[in-house]
Amino acid sequence: MIRALELALRGPRPGVNPQVGCVLLSPTGERLAEGWHRGAGTRHAETAALAALADPSLARGATAVVTLEPCNHHGRTGPCSVALIEAGVARVVYAVADPGEESHGGGERMRDAGLEVEQGLLAGQVEDAIRPWLTAVRLKRPFVTVKWASSLDGRAAAADGTSQWITGAAARADVHRRRADADAIVVGTGTVLADDPALSARVDGAALFEHQPAPVVIGRRPIPEGALVHRHPHPDAVRRFESHDLGAVLHELYQDEIRTVFVEGGPTLASAFLAAGLADEIVVYLAPTLLGGPRAVLTDLGVATIDDQRRLTVTEVTRLGDDLVIVARPDAAAPTKPLED
């Protein structure tokens, strides 16, 4: 299963499909073949592993070790559960159940066909590795990462509004890497008007990452025709929402197969996602500098008393040059929310 997870993470993180890996073992435990999902429209991990067999007959009596429950529906490809049954696989071990409304049920289908099926091996590790996709499908909205950069005293900008650059080059490079892992990058019109961001993902500030997140701009103020966002590498992908209804925005993005969004708006937009309970991950770049003044990284979160504070669980602390990046998620006692009906 460890090897299957390594294979899964070779696949693309952005996109409507999960990262999945599969290892096929002989009845005596020898590794026969392996595969992983390489993106929408390509073979799923299980069928990729079956196709990699030196002889298709080797599948008879084999064990398939898969990170995610084999799917049970016809999408761009057929059901993997059926492919394993028809290949003659005798046993399937998977870590995490598929939460999809249409795709779940592969385990039951294989059991009904007489296969030995086991669930739960290294489930915690797999859950953590593909948490964004699992969260999106379970909550029926994109997984939301809220990012900001600040001084040690929690300021996003100096008193006159200038903010480039609080953090150093290594931290900014990490931001672009995280952008490239997302389906969409979300900002408010205030950020577009103040900073004129390109909203692209670049390597060393120059070359483009192969995957570019779709820019999403929320707000009613008009955007100048000459704004850099209009010169995005994929200008047709730019989405505009003249609404402050974050639930409606996320619903429409999910319907358009957006599963992960990276929120880089200013204090107003970041606070709105947090206050609504719609932030699944928070990424903070902390610079060793002091700015003082009124421009705090967040505005009102609806915390009137200390008992209402939004507790977080820190999952990562990394030094990047002189800066720190801190990754946190909502405490289990106050999980993020699905969209209201």
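**Warm-up**

Gly277, just after helix α10, takes a positive phi of about 70 degrees. Helices here are DSSP runs of H or I with at least four residues, strands are runs of E with at least two, and both are numbered from the N terminus. The model is predicted, with local features needing pLDDT of at least 70 and side-chain atom pairs counting only at pLDDT 80 or more, while totals for chains, interfaces and linings use all residues. Residues are numbered from 1 along each chain as its sequence is written, and side-chain values use heavy atoms, leaving out hydrogens and water.

**Exercise 1. Find which residues of α10 are buried, and what they pack against.**

Step 1. Pick out the buried residues (under 20% relative accessible area; exposed is over 50%, partly exposed in between, with a 1.4 Å probe and protein chains only). In α10 they are Leu269, Ala270, Ser271, Phe273 and Leu274.

Step 2. Look for their contacts (heavy atoms within 4.5 Å). The α10 residues pack against several strands, including β6, β7 (184-188), β10 and β13 (281-287), and also against helix α9.

**Exercise 2. Work out where on helix α9 its buried residues lie.**

Step 1. Helix α9 spans residues 246-255, and its buried residues are Leu246, Val249, Leu250, Leu253 and Tyr254.

Step 2. Look down the axis of α9: these residues fall within an arc of 130 degrees, so they line one face of the helix. The arc is that of the directions from the helix axis to the C-beta atoms.

Step 3. Now see what covers them. The cover includes the helices α6 (131-139) and α10 (267-275), together with the strands β6 (143-151), β10 (214-218), β11 (239-241) and β12 (260-263).

Step 4. Check both ends. At the start of α9, a side-chain oxygen of Asp245 reaches to within 3.2 Å of the backbone nitrogen of Gly247. Just after the helix, Glu257 takes a positive phi of about 70 degrees.

**Exercise 3. Describe the surroundings of Thr67.**

Step 1. Place the residue: Thr67 lies in strand β3, residues 63-68.

Step 2. Judge its exposure. Thr67 has a relative accessible area of 1%, so it is buried.

Step 3. Search for a polar partner. The side chain of Thr67 reaches the backbone nitrogen of Gly21 at 3.1 Å.

Step 4. List neighbours beyond four places in sequence. Thr67 touches ten of them: Met1, Ala4, Leu5, Ala8, Gln19, Val20, Gly21, Ala95, Val96 and Val126.

**Exercise 4. Trace the partners of Asp174 in helix α7.**

Step 1. Asp174 sits in α7, residues 169-180. Its relative accessibility is 10%, which is why it counts as buried.

Step 2. Collect its polar contacts (N or O atoms within 3.5 Å, one able to donate a hydrogen and the other to accept it; residues adjacent in sequence count only if both atoms are side-chain atoms). The side chain of Asp174 makes one with the side chain of Tyr285 at 2.6 Å, and another, of 2.9 Å, with the side chain of Arg177.

Step 3. The Arg177 pair is also a salt bridge, at 2.9 Å from N to O. That term means a side-chain nitrogen of Lys or Arg within 4 Å of a carboxyl oxygen of Asp or Glu. Both residues lie in α7, three residues apart, about one turn of the helix.

Step 4. Follow the chain of charges. Arg177 forms a salt bridge with Asp181, the closest N and O atoms being 4.0 Å apart. The network links Asp174, Arg177, Arg178, Asp181 and Glu316.

Step 5. Compare exposure: Arg177 is partly exposed at 37%, and Asp181 is partly exposed at 28%.

**Exercise 5. How many salt bridges does a search of the whole structure find, and which parts of the chain does the pair Arg179 and Glu264 link?**

Step 1. The search finds 17.

Step 2. Among them, the side chains of Arg179 and Glu264 meet at 2.4 Å, N to O. This pair links distant parts of the chain, 85 residues apart: Arg179 is in helix α7, and Glu264 is in the loop between β12 and α10.

Step 3. For their exposure, note that both Arg179 and Glu264 are buried.

**Exercise 6. Is Ala304 buried or exposed?**

Step 1. Ala304 lies in the loop between β13 and β14 (312-320).

Step 2. Its relative accessibility is 76%, so Ala304 counts as exposed.

Step 3. Take one distance for scale: Ala304 and Gly265 are 39 residues apart in sequence, and 24 Å apart in space, C-alpha to C-alpha.
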